Amino acid sequence: MSIQKVRAYLEPLGAADRIREFDVSSATVELAAQALGVDGARIAKSLSFKANGEPILIVMAGDAKIDNPRYKAQFHTKATMLTFEEAHSLIGHDVGGVCPFALPENVKVYLDVSLRRFETVFPAAGNDHSAIELTCGELEQYASNFVEWVDLCKAWREN
């Protein structure tokens with residue numbers, strides 16, 4: 001199961017015991033915010049795309065949306081999200097629990113600046129009933145195959 005992979009991945013980093021599991025679904029920003037009792041913008045949602053033939057993850061604030069022109073300028077291709085099946089096979093986590101931890105080596109992770117306005121954020125931890133609270137610095141440090149901070153999102157600036 002994916003949450004066990006994430007737990008094993010975070011163990012040597014000293015963060016595995018910070019994973020929170022819920023009796024209710026945390027598969028969407030709204031559900032995760034309810035389960036945690038926090039504002040939805042603090043949910044660090046991980047969206048999976050295919051860029052130039054390779055799977056990538058973009059982790060952004062819960063109230064952010066991909067800005068297609070910014071995405072195209074960054075990756076020189078149209079934003080194409082992975083299907084449920086592709087996310088499972090290429091990312092290794094099912095939709096609802098996609099997170100930037102315990103990923104295959106070819107899956108690059110980009111963190112969006114929309115997260116930086118919060119002291120801590122809550123990415124999923126491998127399934128649709130989990131989350132972990134991290135600072136942005138910890139998120140950068142713990143993310144598998146972290147590449148860089150990017151500015152790819154819209155909507156959050158108005159909130």
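**Figure 1. Surroundings of I43 in the predicted model.** At 5% relative accessibility, I43 counts as buried, because the limit for that class is under 20%. I43 belongs to strand β2. Apart from neighbours within four places in sequence, the residues in contact with I43 are V29, A32, A33, L36, V38, M60, A61, G62 and F122. A C-alpha to C-alpha distance of 24 Å separates I43 from S89, and the two are 46 residues apart in sequence.

**Figure 2. G37 in the loop between α2 and β2.** With a relative accessible area of 66%, G37 is exposed; the class begins over 50%. G37 and H88 lie 51 residues apart in sequence, and their C-alpha atoms are 28 Å apart in space.

**Figure 3. Aromatic cluster of F49, Y71, F75 and Y110.** These four residues form one cluster, and the model holds three aromatic pairs by the rule for ring centres within 6.5 Å. In the pair F49 and Y71, the ring centres are 5.2 Å apart and the planes meet at 45°, so the pair is tilted. This pair links distant parts of the chain: F49 sits in strand β2 (residues 43-51) and Y71 in helix α3 (residues 68-75), 22 residues apart. Both F49 and Y71 are buried. The rings of Y71 and F75 have centres 4.8 Å apart and planes at 50°, so this pair is tilted too. Y71 and F75 are separated by about one helical turn because they are four residues apart in helix α3. Relative accessible area is 0% for Y71, which is buried, and 6% for F75, also buried.

**Figure 4. The largest nonpolar core, with 48 residues.** The residues with the most contacts inside this core are L10, I58, I66, Y71, F101 and L115. Two or more core residues come from each of α1 (2-10), β2, β3 (54-61), α3, β5 (108-112), α5 (136-142) and β9 (146-150). Strand β3 gives the largest share, six residues. In soluble globular proteins, nonpolar side chains tend to be buried together.

**Figure 5. Contacts of L115.** Neighbours within four places in sequence left aside, L115 is in contact with A44, V59, M60, A61, V121, C136, L139 and W149. L115 is one of the residues with the most contacts inside the largest nonpolar core.

**Figure 6. The second nonpolar core, with nine residues.** This core is separate from the largest one, and its members include V29, A33, V38 and F122. V29, A33, V38 and F122 are also among the residues in contact with I43.

**Figure 7. R116 over the face of W149.** R116 is placed 4.0 Å from the ring centre of W149. W149 is also one of the residues in contact with L115.

**Figure 8. The largest pocket, with a volume of about 390 Å³.** The lining has 25 residues, of which A27, K45, S46, L47 and G96 are the closest to the pocket centre. At least two lining residues come from each of α2 (29-36), β2, α4 (84-91), β6 (120-123) and β7 (130-132). The largest share of the lining, six residues, is supplied by β2. Strand β2 also gives two or more residues to the largest nonpolar core.

Note on methods:
Residues are numbered from 1 along each chain as its sequence is written. This is a predicted model: local features need pLDDT of at least 70, side-chain atom pairs count only at pLDDT 80 or more; totals for chains, interfaces and linings use all residues. Side-chain values use heavy atoms; hydrogens and water are left out. Rings of Phe, Tyr and Trp (its six-membered ring) pair if their centres lie within 6.5 Å; planes under 30 degrees apart count as stacked, over 60 as edge-to-face and the rest as tilted. Buried means under 20% relative accessible area, exposed over 50%, partly exposed in between (1.4 Å probe, protein chains only). A charge sits over a ring if NZ of Lys or CZ of Arg is within 6 Å of the ring centre and within 35 degrees of the ring normal. A nonpolar core is a set of buried Ala, Val, Leu, Ile, Met, Phe, Trp, Tyr and Cys residues joined through side-chain atoms within 4.5 Å. Contact means heavy atoms within 4.5 Å. On a 1 Å grid over the protein atoms alone, a cavity is a set of points where a 1.4 Å probe fits but cannot get out, and a pocket is an open set with protein on both sides within 12 Å along at least five of seven lines; lining residues have an atom within 4 Å of a point. Grid points are joined across faces, edges and corners, and a volume is the space filled by probe spheres set on the points.
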